[in-house]
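Student: I would like a close look at a single part of this model. Please set that part against the whole chain first.

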Amino acid sequence: MSSKLRMTALGAALAVGLVGCGGGGAGSGGSDTADAAPEDLTIGVAMPTQTSERWIADGNNVKEQLEGAGYQVDLQYANDDIPTQSQQIDQMITEGADLLIVAAIDGTALSSQLQAAADANIPVISYDRLIRDTENVDFYVSFDNYKVGVAQGTALLTGLGVLNPDGSQGTATGPFNVELFAGSLDDNNAHFFFQGAMDTLQPHIDSGVLVVKSGQTDIEQAATLRWQQETAQKRMEDLLTSSYNDGSKVNGVLSPYDGLSRGIITALQNAGYGPTIDAQPNPMPIVTGQDAEIASVKLIADGVQDSTVFKDTRLLAEQAVTAATAYLEGNEPEANDTETYDNGVKVVPSYLLPVETVYAENIQSALVDTGYWTADEVAKGQSD
């Protein structure tokens, strides 16, 4: 078992810590669970897909930490199929789940399920992807997703030499040809990622240091449905054919997720770039990423992908357990953000976690020393 899937003592401690005063929201667990033993309570955990190692790790982390706190857990994956996830949540409610933790495929597609949960007094924790357009979501646990985008935009500028690693102005003045990719429009996080990145990059686009040669600068143009690697590869191939058939070169690519990054890199390598950032005469462009997936961490170590944004999902799982425990004990979880995440109906109280940009130089300190990946896993590009 990979070390990231083992429950930590910190998770157990958090599970009984960080709770606020009593009180009930739309789905407060209340008196019917407050006096119950954890082993008599069931938590339904709905995850979007098993096609990404990130979501497999999330599901396992949440399940193991909840079970470590004594709860029964019903963990379901929906394989990126919205009707399947809807049916899974319906079944969790029907079978008497006491609380739901939901990482939605489509943040707007679960209104009827969440109304049923509210009617049954079942608290709902939105996990990493904000559930939208319903009052029946009680709490949100995630990372600071706007800062993820800022980190990705900053990493792109740093890789190009426009900025120095310490954030000061670099010596490179461009112009650099860059292309922009965004995530799936039905994932609320994709909008925060793109906005943070564009707020960081736009001044350099306006000054002419960065040139988006395709002209595709809107999120609707840059979006990648369901975050599919193959879709990103095909779009990169199309961009190369349509905008770089005059002999000009791509210097950088904003990618919001490692899976997309690998598709983009494949398209670039097939077009004669690389294979590495230092290769001549056609170096691999600076490509960003997110989630520190092991295949991409190896690409970073090998000088192919430039960076990724690391979100420690072990900490996210711990926070989900903390929030769940608070509700089931009749309390409310502690929020550290009560202003940012408006889901279209209400501002959802949230707990946001920090992120870290990983380059080749800090793989050891950020990922290996913290036990997220082992040195052997990085060398192989595969998890054990």
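Student: How much area does the chain expose, and what share of it do carbon and sulfur atoms supply? Then take me through helix α10.

Tutor: The chain exposes about 14,500 Å², and carbon and sulfur atoms supply 49% of that. Accessible areas come from the Shrake-Rupley method with a 1.4 Å probe; for residues, only the protein chains shown count as cover. This is a predicted model: local features need pLDDT of at least 70, side-chain atom pairs count only at pLDDT 80 or more, and totals for chains, interfaces and linings use all residues. Residues are numbered from 1 along each chain as its sequence is written, and side-chain values use heavy atoms, with hydrogens and water left out.

Now the whole chain. It has 14 helices and 14 strands. These are DSSP runs, numbered from the N terminus: helices are H or I with at least four residues, strands E with at least two. The radius of gyration is 21 Å, close to the 21 Å that the globule rule gives for 384 residues, so the chain is as compact as a globular protein of that length. That radius is taken over C-alpha atoms; the rule is 2.2 Å times the number of residues to the power 0.38. Along the principal axes, the C-alpha atoms fill a box of roughly 70 × 40 × 35 Å. Of the 384 residues, 56% count as buried. Buried means under 20% relative accessible area, exposed over 50%, partly exposed in between (1.4 Å probe, protein chains only).

On to α10. This helix covers residues 258–270, 13 in number. From first C-alpha to last it reaches 18 Å, close to the 18 Å expected at 1.5 Å a residue. The expected span is 1.5 Å times one less than the number of residues.

Ten of the 13 residues are buried, so α10 is largely enclosed by the rest of the structure. The buried residues are D258, G259, L260, S261, R262, G263, I264, I265, A267 and L268.

What covers them? Two helices are among the cover: α9 (229–243) and α11 (294–301). The cover also includes strands β9 (252–254), β10 (286–287) and β11 (308–310). After α10 comes G272, whose phi is positive, near 100°.

One more view of the fold. Of the contacts with a separation of 6 or more, 73% link residues 24 or more positions apart. Contact means heavy atoms within 4.5 Å. Elsewhere, Y140 in strand β6 (residues 139–143) is buried, at a relative accessible area of 0%. Y140 and V348 lie 208 residues apart in sequence, yet 6.5 Å apart in space, C-alpha to C-alpha.
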